[in-house]
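User: Please take a close look at how the helices in this model pack against one another, and set that packing in the context of the chain.

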Amino acid sequence: MPKSNIFFVKSPLNYIGGKYKILNQIIPIFPNDINNFIDLFTGGGNVAVNVKAQKIFMNDNLIYLIDLYKLFYELRYNKILKYIYNRIEEYKLSDDNIDGYNRLRDEYNTNRKPLDLFVLVSYSFNHQIRFNNNHQFNNPFGKYRSSFNNFIKNNLENFIHRMQSLNIDFSNDNFECFNFDFLEEYDFVYCDPPYLISTGTYNDGKRGFTGWNSNNEIMLLKILDDLNKRNIKFALSNFLIHNGQINGILKEWISYNNYNVTKIDSNYNNSCYNKKILAQTKTIEVLITNYKTDFSYIDINTDDRNLFFNMEI
Ligand SMILES: C[S@@+](CC[C@H](N)C(=O)[O-])C[C@H]1O[C@@H](n2cnc3c(N)ncnc32)[C@H](O)[C@@H]1O
């Protein structure tokens with residue numbers, strides 16, 4: 001897989017399942033001339049802001065995230081920075097002031113000012129976005145670990161400048177409600193949903209995110225089939241195997257439709273020589289496309305034996 005020379009911008013949000021580290025593998029697989037690019041599950045926005053397209057659609061059903069991105073897109077960077085520093089001053093935020101963090105968290109859960117979410121995430125445990133059932137932000141404080149440091153600040157600056165150089169449209173639809181009717185030949189849909197056989201924070205439906213189950217998976221695959229019938233290109237990120245468990249729905253779907261599968265080198269696997277342990281821990285991340293790519297791909301039917309270590313589906 002070629003390394004790309006493009007300067008990739010990293011999301012200032014430490015997003016679970018974020019694709020920043022594998023952008024150099026997935027973006028070269030995308031078509032060259034993209035008119036409308038749909039990032040249906042935009043999450044940290046790592047993919048959306050690094051794709052070349054006439055227009056980018058950032059969609060995620062987490063409304064608080066999209067509200068934050070809208071401000072990143074509209075306000076000048078210096079204004080946003082000033083807001084962040086004012087909040088840090090006002091709440092005396094530091095990596096050991098839990099009281100200040102909790103007070104700002106209450107303020108955000110009451111008034112929902114989008115930029116407060118970003119300030120909170122900077123000081124929260126693992127910098128993660130987490131909501132409870134009542135949509136209250138509830139990620140704990142990242143004591144002695146998290147703060148609005150130079151690393152986050154640089155990522156924020158680059159991210160905002162990159163966003164503002166693009167033509168972006170925002171939406172917070174559930175994926176099945178997104179309106180695909182306007183799409184035509186040179187448009188492209190990228191999907192990075194919660195992975196059915198893994199455990200992202202957003203998977204279980206208990207943390208302010210809607211859950212992800214096999215019904216969602218089947219519905220998404222059907223939408224992709226419909227796009228395929230209309231000759232609209234798509235790419236879907238997923239795990240074919242995770243910790244030895246196969247996503248059977250995905251495997252059947254790929255085989256039935258003869259879609260292309262490109263293996264992504266995401267370093268999830270350990271280097272143990274014990275075949276049994278290897279089979280139990282094996283993870284294969286892939287990019288599935290409805291068009292041929294120039295990169296090494298898996299023939300899901302003929303390579304079965306090697307790929308699945310003779311495991312049952
Ligand atoms: C794996 S993350 C995307 C990460 C992103 N590609 C990145 O690189 O930062 C998946 C996203 O899907 C969103 N999501 C989950 N269920 C959804 C649904 N039913 N409709 C739309 N978005 C959904 C979650 O809120 C989460 O932000």
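Analyst: Helices α3 and α5 cross in a right-handed sense. In this predicted model, the axes of α3, which spans residues 77-90, and α5 come within 10 Å and cross at roughly 60 degrees. On the α3 side the contact is made by I80, Y83, I84 and R87, and on the α5 side by L115, D116 and V119. By class, these residues divide into 5 nonpolar and 2 charged, with no polar residue in the contact of α3 with α5.

Helix α5 also packs against α4. Here α4 covers residues 98-111 and α5 covers residues 114-123; the angle is about 150 degrees, and the axes are 10 Å apart. Because angles over 145 degrees count as roughly antiparallel, α4 is described as roughly antiparallel to α5. The crossing of α4 and α5 is left-handed, whereas that of α3 and α5 is right-handed.

The contact of α4 with α5 brings Y101, L104, R105, E107 and Y108 of α4 together with D116, L117, V119, L120 and Y123 of α5. This contact has 7 nonpolar and 3 charged residues, and no polar ones. Two residues of α5, D116 and V119, take part in both contacts: they meet α3 and they meet α4.

Turning to the chain as a whole, the protein has 10 helices and 9 strands. Of its 313 residues, 35% are buried. Among contacts with a separation of 6 or more, 68% are between residues 24 or more positions apart.

A separate example concerns Q25, which is placed in helix α1, residues 23-26. Since a residue is buried if 20 or more other C-beta atoms lie within 10 Å of its own, Q25, with 21 such atoms, is buried. Q25 and F295 are 270 residues apart in sequence, yet their C-alpha atoms are 9.4 Å apart in space.

Finally, the ligand is surrounded by 23 residues, and the closest are G17, F41, G43, G44 and N46. The shell around the ligand contains 10 nonpolar, 10 polar and 3 charged residues. Polar residues are thus present in the ligand shell, while the contact of α3 with α5 has no polar residue and the contact of α4 with α5 has none either.

Methods. Residues numbered from 1 in each chain as written. Predicted model: local features only at pLDDT ≥ 70, side-chain atom pairs only at ≥ 80, totals over all residues. Near = placed C-beta within 6 Å. Nonpolar A, V, L, I, M, F, W, Y, C, P; charged D, E, K, R; others polar. Axes fitted to C-alpha atoms, helices over the stretch in contact; angles between N-to-C directions. Helix = DSSP H or I, 4+ residues; strand = E, 2+ residues; numbered from the N terminus. Parallel < 35°, antiparallel > 145°, perpendicular 65-115°, else oblique. Left-handed = near helix turned anticlockwise from the far one by under 90°. Contact = placed C-beta atoms within 7 Å. Buried ≥ 20, exposed ≤ 12 C-beta atoms within 10 Å, placed from the backbone.
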